[in-house]
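Please read the points below with the structure open beside you. They start with the lining of a pocket and then turn to confidence and helix packing.

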Amino acid sequence: MLFALTTLFLMQAAGEVLARLTGLPLPGALIGMLLMLAALMVYGRVPAGLRDTCHHMLKHLMLLFIPPVAGIMLYIGPLEREWIPFLLACIAGVGLTVVVTAVTLRWMLRITGKDES
């Protein structure tokens, strides 16, 4: 578990460093996640400790939403004035997430040979 958490934090830190050095308009956490994906693809499999740790973290993912909700409550004034663009952005974000998830699932089912349609 310690190895897995260290690996996750190092990948995020590397992503943050790359984002700042290159000036890419992407969050460092996203770059770190892409670095992790590349490393796992090169390695060829997900180590058991990393898989188990991430599985446990995903069970408690809802706890990670507490800080953003608190931040939204802190800026309720501007949100009251601009609620329509905020609402549209939320709806568009959810729609885009659903579409990308569906396309990714179809692609994964096709390459694994489990697509029955």
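1. By class, the lining of the largest pocket has 17 nonpolar residues, three polar ones and no charged ones, where Ala, Val, Leu, Ile, Met, Phe, Trp, Tyr, Cys and Pro count as nonpolar, Asp, Glu, Lys and Arg as charged, and the others, Gly among them, as polar.

2. This is a predicted model, in which local features need pLDDT of at least 70, side-chain atom pairs count only at pLDDT 80 or more, and totals for chains, interfaces and linings use all residues. Residues are numbered from 1 along each chain as its sequence is written, and side-chain values use heavy atoms, with hydrogens and water left out.

3. The protein has a mean pLDDT (the predictor's confidence in each residue, from 0 to 100) of 88, and 97% of its residues reach 70 or more. Among its elements, helix α6 (residues 83-112) has the highest mean, 93, and helix α4 (residues 66-74) the lowest, 79.

4. The axes of α1 and α2 lie 7 Å apart, and these helices pack at an angle of about 120 degrees. That makes α1 oblique to α2, since angles under 35 degrees count as roughly parallel, over 145 as roughly antiparallel, 65 to 115 as roughly perpendicular and the rest as oblique.

Methods
Helix = DSSP H or I, 4+ residues; strand = E, 2+ residues; numbered from the N terminus. Axes fitted to C-alpha atoms, helices over the stretch in contact; angles between N-to-C directions.
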